[in-house]
Amino acid sequence: MIDFVQNTLDGVMIGSSYGLLALGFTLIFGVMRRLNLSYGPSIMIGAYLGTLVYVQLSAGPLVVVVMTVLGAVLAGLYVERLCFAPMGAGAGIASMVSSFAIWMQLEQAAILVLPRHTYPFPPLASADPLALGPFLLRVDHLVMLATAFALSAGIHLLLYRSRLGLALRAIIDNPTAAHLVGINVKTAVTLAFALASAVGGVAGYLVLAADQQVTPMFGMWATFKGLIAMMIGGLGSVPGAILGGIVLGIVEAHSQWYFGPHIRDLFAYTLLFACLVLRPGGLLGETPSREPALGRRGA
Amino acid sequence: MDDYVIGVLSNIGVISFIALSAYLLLLTGEISFGQQAFFAIGAYAAGIATALWGWPLAAALFWGAIISGLAAVLVGLPTLRLHGLYFAVATLAFAEMVRLLFEQFRYQVIIDGEPVGPNGTDGFRGIRYIFENDVGSLQFLGLIYALLVATLAAFMLLERSRLGVAFRMIGEDAVLAELNGLAVSRLKMLAAGLAGALAGLGGGLYAHLTTYLEPRIFDVMLGVHSLAYGLIGGLGTALGPLLGVLIDIGILESIRFFAGYRMIIFGGLVAVLLILRPRGLLDESAVHRIRRVWLRLLAGSPATKRLNRDLT
Amino acid sequence: MTRARLICALAAMASAICLPAGSALAQVRAKADVACRPAAATLQYDCTITLTNSRTNEPLTGMTLTVGADMPSMPMMHNVRPVRAVPGQAPGTYQAHLALEMHGDWTLRLDLSGPVRDRVLTTMRFDPDRVMPAAATKGPSHKR
């Protein structure tokens, strides 16, 4: 019983960072109706920038965070300019494959600059784990959870209390109508990309600082986690992203405890597959009648 | 022909199978990131057949293709009714599930005092058919290309047949196709099964070419690459994916000077190419134009002129 | 009509491959130990390969050994030109100089084409400063 609760707690905390990754993903998907396969790698570029300043300049954690976010945003904008902005309405597949090509490009660029297999990252919190009754709570996980909630609350405020948020929600709802009422869709989309990358940068920092290392595998890992969490929670839904992340975190924590890391990944993908087959809209997302069209007549 | 060139050509041949597999599904308008799963199933099945059960190569390749085709249909049943993006992600999830399942898959038989067979993450060594039966690398290359040519011929037949037209109609607009009386879901299932079998055949060839399989090979990189080949080379004809493979492995070869920067250049090239031509180099309009030129050349030939005169 | 011809052609080819079945000579199976060190230039490595008969543990001398490499995570997409290995000092050892394209995990393909035809594969991780046998961690984990 204690194990069960402990695992659930761990799952919730790690899941919160998955939720942040999914949040960025879902923001991009919501406004563009396309999947950005370079999302993880662009965060990785930010992380590599962060580790560079950490290793070469012995920068403090705050500087590393800023550099990580900055790097992620720059990489995200590069991806947006190259893969998504120039594509017409019907080229959904092409922009997805293009983003994959840029994924390979970004990954190799990162490996060229920093060729080793692992680089250090400043720790998130160095205190001893807190004991809450029979349960142990790692302080860095708590920081993760707190940051995730703060950030998602911030995004929620942005979406519902600001003009940019209003514009984004309009675009998410119906890009053509948004254009017709005078919203500058292109600028708003670029801003959404930057915002999503920034959120991803923070999420990346949290995860990597908790592990105190970054490897070249991180790009693909982050893309997958964000993708799975986003699809479980529902495409285009901000609370769904967080919920999806937490569900994924809990499932992973339990399966890892009972079955080990390989089966844990198997469970994650089976969960995704089952979700898609049984409830494609995800837990909180759009219903399949408004399915995203990727073909030649895509929105 | 030295061994290196044979090796590169063999690789091109084998990858073409999985590229054509993704292309077949793209024709019906479905994006699949998961063809590498059927490649894997075909590879393991064919490898097990020759190495553990002692089957001849042809039977093993056939077995691999059949199993993959069946698996593709089974997966297609719940997933093909999903729309575009959801189907794509479902194929991705399925492919990763297959890869992770192969990491757990252990099936070993004692042959000549040594255990042979798939051993989870350690992989499946010792698919020694080409050594035990004295099949040279040139011979195997011949086999790969014979099968590839046969497949291309089949694709050419498909393009001219009602089935091929039906597939493209579904790819254009599935609702309209259904309204025109096509059994869309059954046809999509057929396409999925054929595509799976094709990928499985490629997998069987791969297993015997390299004599060694491990689950890590069949990851998402392979799947997205196979999709990319069709998109780069063009979706207008089955030669499109082959062109894509040639460009990729051909370019990867010719720019060896930039050894460490290959992906950067290639990735950039792909992105730019996709901006300019989202349906690839040999897309439908290019194929149409080439066909018109070809027909015009034919129309000028004396035989056609005589035929026209006789008919009027 | 063309379809029937197609099937016949396929069957003919298939039987051509079936025919030389089961001429299993008493194959010598090779076992290899590979040790690599980074060489002077980046992405270049000097490897020493020790070949032994896997059944009798005798060193295999006088083999024609070609070393090729492929990345397991991106199969068939790197075409590292195979190098001919030179016999080394001790019996059964061979030296090869590899020029790779990236750091990371590479599966070395040791092709024997001398008196005996065999192939041994071994996966190693090539880092800028050292080479070690690849660990069995798989899956999209972002940890090492």
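Helices and strands are taken here as DSSP runs, numbered from the N terminus. I note at the outset that the model is predicted.

**Entry 1: Thr211(B)**

I looked up the backbone of Thr211(B), which lies in the loop between α9 (184-210) and α10 (220-233) of chain B. Its phi is positive, about 65°, although the residue is not a glycine. I recall that most residues other than glycine have a negative phi. I then asked whether Thr211(B) counts as buried or exposed. Thr211(B) counts as buried because it has 22 C-beta neighbours inside 10 Å, and the cut-off for a buried residue is 20 or more.

**Entry 2: Asn57(C)**

I examined Asn57(C), another residue other than glycine, and found a positive phi near 65°. Asn57(C) sits in the loop between β2 (44-53) and β3 (65-70) of chain C. I count Asn57(C) as exposed, because it has 8 C-beta neighbours inside 10 Å and the exposed class ends at 12.

**Entry 3: helix α9 of chain A**

I checked the length of α9(A), residues 218-233. At 1.5 Å a residue its 16 residues should span 22 Å, and the end C-alpha atoms are 22 Å apart, so the two values agree. I find 15 of the 16 residues of α9(A) buried. Just after the helix, Gly234(A) takes a positive phi of about 120°.

**Entry 4: α1 against α5 in chain A**

I looked up how α1(A) (residues 2-32) meets α5(A) (residues 139-161): the axes come within 8 Å and cross at roughly 35°. The crossing is left-handed. On the α1(A) side the contact includes Met13(A), Ile14(A), Leu20(A) and Leu23(A); on the α5(A) side, Leu145(A), Ala148(A), Phe149(A) and Ile155(A) are among the residues involved. By class, I record 11 nonpolar, 5 polar and 1 charged for the residues of this contact.

**Entry 5: chain A against chain B**

I turned to the contact between these chains, which takes 36 residues from chain A and 33 residues from chain B. On the side of chain A, α3 (61-84), α4 (92-113), α9 and α11 (261-278) each supply at least two residues. Which helix gives the largest share of that side? It is α4(A), with 12 residues. I classed the side of chain A that touches chain B as 28 nonpolar, 6 polar and 2 charged residues.

**Entry 6: confidence in chain A**

I noted an average pLDDT of 83 for chain A, with 94% of the residues scoring at least 70. Over residues 288-299 of chain A, pLDDT stays under 50. For that stretch I find 29 contacts beyond four places in sequence.

Key:
Residues are numbered from 1 along each chain as its sequence is written. Chains are lettered from A and ligands numbered from 1 in the order in which they are written. This is a predicted model: local features need pLDDT of at least 70, side-chain atom pairs count only at pLDDT 80 or more; totals for chains, interfaces and linings use all residues. Helices (H or I, at least four residues) and strands (E, at least two) are DSSP runs, numbered from the N terminus. The expected span of a helix is 1.5 Å times one less than its number of residues. pLDDT is the predictor's confidence in each residue, from 0 to 100. Two residues are in contact if their C-beta atoms, placed from the backbone, lie within 7 Å. Axes are lines fitted to C-alpha atoms, for helices over the stretch in contact, and angles run from 0 to 180 degrees between N-to-C directions. A crossing is left-handed if the near helix is turned anticlockwise from the far one by less than a right angle, and right-handed if clockwise. Ala, Val, Leu, Ile, Met, Phe, Trp, Tyr, Cys and Pro count as nonpolar, Asp, Glu, Lys and Arg as charged, and the others, Gly among them, as polar.
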